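Here's a quick briefing to read with the model open beside you. Take it one topic at a time and find each spot as you go.

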Amino acid sequence: MKKLAIVILNWNGVDMMRQYLPSVLENSVGDVIVADNASTDGSVEMLQREFPEVPVVVLEQNFGFADGYNRALAQLDGYEYFLLLNSDVEIRQKAWDAPLVKYMDDHPECAACQPKLLSLREPVKFEYAGAAGGFMDKYGYPFCRGRVMDTVEKDEGQYDEIVPLLWATGAALMVRASDWQASGGLDARFFAHMEEIDLCWRLRTMGKSIVCISDSTAYHLGGATLNQGNPRKTFLNFRNNLLMLYKNLPDQELKSVMRVRCFLDYLAAFQFLLKGDTKNFAAVFKARRAFAKMRPGFDKDRRHIQQLRQNERVPERVEFSLLWQYYVKGKKTFKALMESRRS
C-alpha cells in the first residue's frame, strides 16, 4: 500500500499553482497530485507543460471544494492517507508531512490531523483558517487555538502541545483513507465552507480523535477564493453551519440550540444592515431560507449519525457561547476562553 497522497484542488488558480506548487514538491515526502475543478484559465495546460511530473486528475465541471475532493480521491487507489492541501499554501520545512504520517502511524485511533498553520502574510502569526486546531461553541461558532473570531495571536509555542480537537483545517487536512471512506467523505451539498468541520465532527462522534501536530508547519495565504465579507461566503458559511448543526447535534440539544441560532442569525443580519452592508444582510436571510428548504434532505443523514454515535457529547464542542465570552466578557484568546470554562 502507498503511504500518502497530497492532493491539491485547483480552480482557476494558475498563478497560485505556479507560485506555491514548487515549495510543496520540494519539501514533501508524499506523492503530490493536483485535482482540477474544470478550470478555464489554462491551469491544466500549464501543469502539463511546467510540472509534467505531477499527476493531474481532471474533473469535468466545478464541483466545489467538497465534491471536488470526493471525486478526486475516489480515483486514487491504494493510499493509506490523504492530505487535502489548499493551492495557496507554501511549504518551507523539509519533509513537513513526515511528522503527520508518523503520528498517524503510531496512533490508529486518530482519524485526521493538521500541521500548525501560520500566516503567509505575517509568518509570526497563526493563520485564520485553522491556526493550531479547531473547537466549537455551544451554538456552532468555530474558533481555534491561536484564532478567536477576528483576533489572531502570534505563534510563541503556546499551542504546541498535542490535544484533542473537534476539527482540523481544510487548508491542510490529513485524513486516514479508511476513515474517510467510512464517514462518507465531505458533504457535497455544502459545496464549500464548513465541510471539513462537518466531516471532523462526524469522525469525533464516531469515537475517532483529531489533533494538530506542531512539528509540522505550513503557511497559508488565505482568502484566495472568496474574501472575508464576500456575500457569497456569508451565505455559504451561515447556510452550511446550520446544516452542520442539524446533522450532528445530539437529539436532546437540537431544538434549543436551533432556536438560539435563529435569534443570533437575525441579530447578525441586522448588524450588517446597521453598517450599511445590505448585500450581506440579504445573504443571511437567503441562507436561512436555503437551510429551511434543504433541511428535509438531511433527515436520513441525521438518523445515521445518531446511530453511529459513540459519545453523547464531543467535549471539544464547549458549553459556553463564544459571542458572549468574546464581545461581552472580553475573552479574546483561546487561553482566556478555556480559563473561563474552568471557572
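In which helix is Phe263 found? Phe263 sits in helix α8, which covers residues 251-274. Keep in mind that you're looking at a predicted model. We'll start with Phe263 and a few other single residues, then move on to salt bridges, and finish with a pocket.

**Inside or outside?**

- Phe263 is exposed, because its relative accessible area is 56% and exposed means over 50%.
- Want a partner to compare positions with? Pick Glu122: Phe263 and Glu122 are 141 residues apart in sequence, and their C-alpha atoms are 36 Å apart in space.
- Now try Val314, which you'll find in the loop between α10 and α11.
- Val314 has a relative accessible area of 3%, so this one is buried, the word for anything under 20%.
- From Val314 to Leu243 you count 71 residues along the sequence, and the gap in space is 18 Å, C-alpha to C-alpha.

**A nonpolar patch on the surface**

- Trp324, Tyr327 and Val328 make a nonpolar surface patch of about 380 Å².
- One of them, Trp324, lies in helix α11, residues 322-328.
- Trp324 is exposed, with a relative accessible area of 52%.

**Two residues with a positive phi**

- Ala38 isn't a glycine, yet its phi is positive, at about 55°.
- Look for Ala38 in the loop between β2 (31-36) and α2 (43-50).
- Ala38 is partly exposed, at 24% relative accessible area.
- His193 is also a residue other than glycine with a positive phi, this time near 85°.
- His193 belongs to the loop between α5 and α6, and it counts as partly exposed at 21% relative accessibility.

**Salt bridges**

- How many salt bridges does the structure hold? The count is 28, and here are three you can look up.
- Lys3 and Glu80 pair up through their side chains, with 2.9 Å from N to O. Lys3 is in strand β1 (residues 2-10) and Glu80 is in strand β4 (residues 79-85), so this bridge ties together parts that are 77 residues apart in sequence.
- Both ends of that pair are partly exposed: Lys3 has a relative accessible area of 34%, and Glu80 has 24%.
- Lys208 and Asp179 form another salt bridge, at 3.5 Å from N to O. Lys208 is in the loop between α6 and β12 (209-220), while Asp179 is in helix α5, so the pair links parts 29 residues apart in sequence.
- Here the two ends differ in cover: Lys208 counts as partly exposed at 24%, whereas Asp179 is buried at 6%.
- Lys247 and Asp198 meet at 3.0 Å, N to O. Lys247 lies in helix α7 (residues 231-248) and Asp198 in helix α6, so this bridge connects parts that are 49 residues apart in sequence.
- Lys247 is buried, with a relative accessible area of 3%, and Asp198 is buried too, with 0%.
- Lys247 and Asp198 also belong to a network of salt bridges, along with Asp187, Arg189, Arg202 and Asp301.

**The second largest pocket**

- The second largest pocket has a volume of about 220 Å³.
- Its lining is made up of 16 residues, and the ones nearest its centre are Ser183, Arg202, Lys247, Asp301 and His304.
- Three elements give two or more residues to this lining: α5 (177-183), α6 (195-205) and α10 (299-308).
- Which element gives the most to the lining? That's α10, with 4 residues.
- Sorted by class, the lining has 6 nonpolar, 5 polar and 5 charged residues.
- You've met some of these names already: Arg202, Lys247 and Asp301 are part of the salt-bridge network, and they're also among the residues nearest the centre of this pocket.

Definitions and conventions
Residues are numbered from 1 along each chain as its sequence is written. This is a predicted model: local features need pLDDT of at least 70, side-chain atom pairs count only at pLDDT 80 or more; totals for chains, interfaces and linings use all residues. Side-chain values use heavy atoms; hydrogens and water are left out. On a 1 Å grid over the protein atoms alone, a cavity is a set of points where a 1.4 Å probe fits but cannot get out, and a pocket is an open set with protein on both sides within 12 Å along at least five of seven lines; lining residues have an atom within 4 Å of a point. Grid points are joined across faces, edges and corners, and a volume is the space filled by probe spheres set on the points. Ala, Val, Leu, Ile, Met, Phe, Trp, Tyr, Cys and Pro count as nonpolar, Asp, Glu, Lys and Arg as charged, and the others, Gly among them, as polar. A salt bridge is a side-chain nitrogen of Lys or Arg within 4 Å of a carboxyl oxygen of Asp or Glu. Buried means under 20% relative accessible area, exposed over 50%, partly exposed in between (1.4 Å probe, protein chains only). Patches are made of residues with over 30% relative accessible area and no salt bridge: like charges are joined within 9 Å, nonpolar side chains (Val, Leu, Ile, Met, Phe, Trp, Tyr) within 5 Å. Accessible areas come from the Shrake-Rupley method with a 1.4 Å probe; for residues, only the protein chains shown count as cover.
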